[in-house]
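Thanks for sending this one over. Here are my comments as numbered points, best read with the model open beside them.

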Amino acid sequence: MKLTMGSLPDFPDREIRPANSERQFDRFLFVSAIHLVLFFLNVMSEAVTANVTVPGPNGLHMVPCSLIVKCVGEFTCQILIRKGNTVANARHILDLLSLGAGEGTVLICEASGVDASAAIQGLVELFSSGFQGHAFRDTNQVE
Amino acid sequence: MKLNEFVVADAIIPDLKAASKEDAIRAMVASLKASGSIPEADEEGIISAILKREELGSTGIGNGVAVPHTKHPSVDRLVATVALAKGGVDFASLDGEDVFIMFLLVSPPDRPGDHLRGLENISRHLRDQTFCSFLKQATTREDILELLDEADHGQPA
């Protein structure tokens, strides 16, 4: 059977033209497949953002940056952290350090991908905790 | 804050030979002491503080780069030095690779902003693969100073 969409050309051999109901079913399958693909594309590109404020007097120094890298390592989505026009890949410690984000700086976390929501939630909790309760402590002596 | 504002020219080590992370840190701190940037009496204290920091997590942050650092009351401003180890140093880096470029920082505890800006500046340049590549090829203190100066002035390395 020849599968076609929309108006069919005038077949020389009319016997091979599918019946109307078959053509409608083919069209239904085609449209469904398109919707399915769009659905997965939408899920994959789910973008979630949240604002976070840098805690602690020492700002986003090496210890918090290490914790951020460790946190986002649990997720597969793309995660960016913005300070104004400067963008850092949250998986790269040099990127994060180069933000030079001091105490009180508001950063925008952006994640896109299947686990974007969970990743952003993890980051928000990390910043909210003041990076406490982790392997490192944010003190004056230990940076 | 520019690199030449806190990197001590006389303390730069263009060809560091160190068998371990501790050796490398000791040599860099000794170089800062020899340049008069840190008091001789505090050399061991600074080394201990840096090693203690390393115990909590390596400052070997990958790409052949390490940034050992500490805060210490013996300095009244941020001071730093650069060392290049052509043979590489096992710094227990995050990526498991040897380190070839080291920036060591000592900053006063009451000036966290300077410490952060110093780290920011160093990191911004170390992200640049061209800068790192040229730095690894430098063989003299003058070469390194020239590269730092070009980085400060936004010129390609």
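How many bridges join β2(A) to β3(A), and in which sense do the two strands run?

1. To start with that hairpin, and bearing in mind that this is a predicted model: four bridges join β2(A) to β3(A), and the two strands run antiparallel. Within this pairing, L80(A) has N89(A) in β3(A) as its bridge partner. Two residues lie between the strands of the hairpin, where G84(A) adopts a positive phi near 60°.

2. The hairpin strands belong to an open sheet of four strands in chain A, with antiparallel pairing and the order β1-β4-β2-β3. Because β1 (47–53) and β3 (86–89) of chain A each have a single partner strand, they stand at the edges, and one side of each is left without a neighbour in the sheet. On average, and ignoring direction, neighbouring strands of this sheet are turned by 25° against each other.

3. Do look at the pairing of β1(A) with strand β4 (residues 106–112) of chain A, which is antiparallel and has seven bridges. Here V52(A) stands opposite L107(A) in β4(A). Helix α4 (residues 116–128) of chain A lies across β1, β2 (78–83) and β4 of chain A, and runs at about 5° to β1(A).

4. Chain B next. It has six helices and five strands, and along the sequence these follow the pattern α-α-α-β-β-β-β-β-α-α-α. The C-alpha trace of chain B spans about 40 × 30 × 25 Å along its principal axes. For 157 residues, a compact globule would have a radius of gyration near 15 Å, and the 14 Å of chain B agrees with that.

5. Two totals help to describe how chain B is packed. Of its 157 residues, 46% count as buried. Among the contacts in chain B with a separation of 6 or more, 70% are between residues 24 or more positions apart.

6. Now to where the chains meet. The contact takes 18 residues from chain A and 19 residues from chain B. On the chain A side, the elements that give two or more residues are α2 (62–72) and α3 (93–97) of chain A, and α3(A) gives the most, with four residues. By class, this side of chain A has seven nonpolar, nine polar and two charged residues.

7. The largest nonpolar core has 78 residues, and those touching the most other members are L96(A), A119(A), A24(B), M28(B), V99(B) and M102(B). Strand β5 (residues 99–107) of chain B supplies the largest share of this core, eight residues. M28(B) is a good place to centre the view: leaving aside its neighbours within four places in sequence, M28(B) is in contact with I13(B), T81(B), A83(B), M102(B) and L104(B).

8. Finally, which residues of chain B other than glycine have a positive phi? One of them is N63(B), with a phi of about 65°, found in the loop between β1 (60–62) and β2 (65–66) of chain B. Another is A92(B), with phi near 50°, in the loop between β4 (79–89) and β5 of chain B. Are these two loop residues buried or exposed? N63(B) counts as buried because 20 C-beta neighbours lie inside 10 Å, while A92(B), with 15 other C-beta atoms within 10 Å, is partly exposed.

Technical notes
Residues numbered from 1 in each chain as written. Chains lettered and ligands numbered in written order. Predicted model: local features only at pLDDT ≥ 70, side-chain atom pairs only at ≥ 80, totals over all residues. Rg over C-alpha atoms; globule rule 2.2 N^0.38 Å. Buried ≥ 20, exposed ≤ 12 C-beta atoms within 10 Å, placed from the backbone. Contact = placed C-beta atoms within 7 Å. Nonpolar A, V, L, I, M, F, W, Y, C, P; charged D, E, K, R; others polar. Core = buried A, V, L, I, M, F, W, Y, C linked by C-beta atoms within 7 Å. Pairing = 2+ DSSP bridges. Axes fitted to C-alpha atoms, helices over the stretch in contact; angles between N-to-C directions.
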